[in-house]
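Here are some notes for a colleague who is opening this structure for the first time. Please keep the sequence and the 3D view at hand while reading.

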Amino acid sequence: MEKLIFQDENGEAAEFYVVEQTRISGRNYLLVTDSQEEDAECLILKDLAEDEEQESLYEIVEDEQELDAVLKVFDELLEDVELTK
């Protein structure tokens, strides 16, 4: 898995492994985890940056409807992985 380092608004760094990525309605989404262990917890991040911007700006998806929709797409993409909320 690819490992990325994210920096929050306070300058704190956090490392995540990218499990999968997808594009829905013109937005990029990442399914990330902080561990490569089998029962790791995951987050779904949405890129808020416009296509022409050089850097990505990710936020955690918290809206229940959006989360359910994106989780369903990732569930279909990852046939051998079980995703639960």
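The points below go from the sheet and its helix to the cores, the aromatic rings and two single residues.

1. Before anything else, please bear in mind that this is a predicted model, and that the remarks below describe the model as it stands.

2. The natural place to begin is the sheet, which is open and consists of five strands in the order E1-E2-E3-E4-E5, with antiparallel pairing. Because E1 and E5 stand at the edges and each has a single partner strand, one side of each is left without a neighbour in the sheet. On average, and with direction ignored, neighbouring strands are turned by 45° against each other.

3. Within this sheet, the pairing of E2 with E3 can be followed in some detail, since these two strands are joined in the antiparallel sense over seven bridges. One residue to look up here is Thr22, whose bridge partner in E3 is Tyr29. Helix H1 packs on the sheet, where it touches E2, E3 and E4, and the direction of H1 makes about 80° with that of E2.

4. Which residues make up the largest nonpolar core? There are nine of them, namely Tyr29, Leu31, Ile44, Val61, Leu67, Val70, Leu71, Phe74 and Leu78. E3 and helix H1, which spans residues 64-77, each supply at least two residues of this core, and the largest share, four residues, comes from H1. Another core lies apart from it and has six residues, among them Phe16, Val18, Leu30 and Leu45.

5. The aromatic rings deserve a separate look, and the count comes to two aromatic pairs. In one of them, the rings of Phe6 and Phe16 have their centres 5.8 Å apart and their planes at 65°, and since an angle over 60 degrees counts as edge-to-face, this pair is assigned to that class. Phe6 lies in strand E1 (residues 2-7) and Phe16 in strand E2 (residues 13-24), so the pair ties together parts that are 10 residues apart in sequence. Both Phe6 and Phe16 are buried.

6. Phe6 also forms an edge-to-face pair with Tyr58, at 5.7 Å centre to centre and with 90° between the planes. This pair links distant parts of the chain, as Phe6 is in strand E1 and Tyr58 in strand E5 (residues 58-60), 52 residues apart. Phe6 has a relative accessibility of 16% and counts as buried, whereas Tyr58, at 25%, counts as partly exposed. Taken together, the ring pairs link Phe6, Phe16 and Tyr58 into a cluster.

7. Is Thr33, a residue of strand E3 (residues 27-33), buried or exposed? Thr33 is buried, because its relative accessible area is 2% and thus falls under the 20% limit. The side chain of Thr33 reaches the backbone oxygen of Ser35 at 3.2 Å. With neighbours within four places in sequence left aside, Thr33 is in contact with Met1, Phe16, Tyr17, Val19, Ala40, Glu41 and Cys42.

8. A last residue to check is Ala49, which lies in the loop between strand E4 (42-47) and E5 and, at 10% relative accessibility, counts as buried. Leaving out neighbours within four places in sequence, the contacts of Ala49 are with Arg27, Glu55, Ser56 and Leu57. Ala49 and Gly11 are 38 residues apart in sequence, while their C-alpha atoms are 18 Å apart in space.

Notes: Residues numbered from 1 in each chain as written. Predicted model: local features only at pLDDT ≥ 70, side-chain atom pairs only at ≥ 80, totals over all residues. Heavy atoms only, no water. Buried < 20%, exposed > 50% of the residue type's maximum accessible area, 1.4 Å probe, protein only. Polar contact = N/O pair within 3.5 Å; in protein donor to acceptor, adjacent residues only side chain to side chain. Contact = heavy atoms within 4.5 Å. Phe/Tyr/Trp six-rings, centres within 6.5 Å; stacked < 30°, edge-to-face > 60°. Core = buried A, V, L, I, M, F, W, Y, C linked by side-chain atoms within 4.5 Å. Pairing = 2+ DSSP bridges. Axes fitted to C-alpha atoms, helices over the stretch in contact; angles between N-to-C directions.
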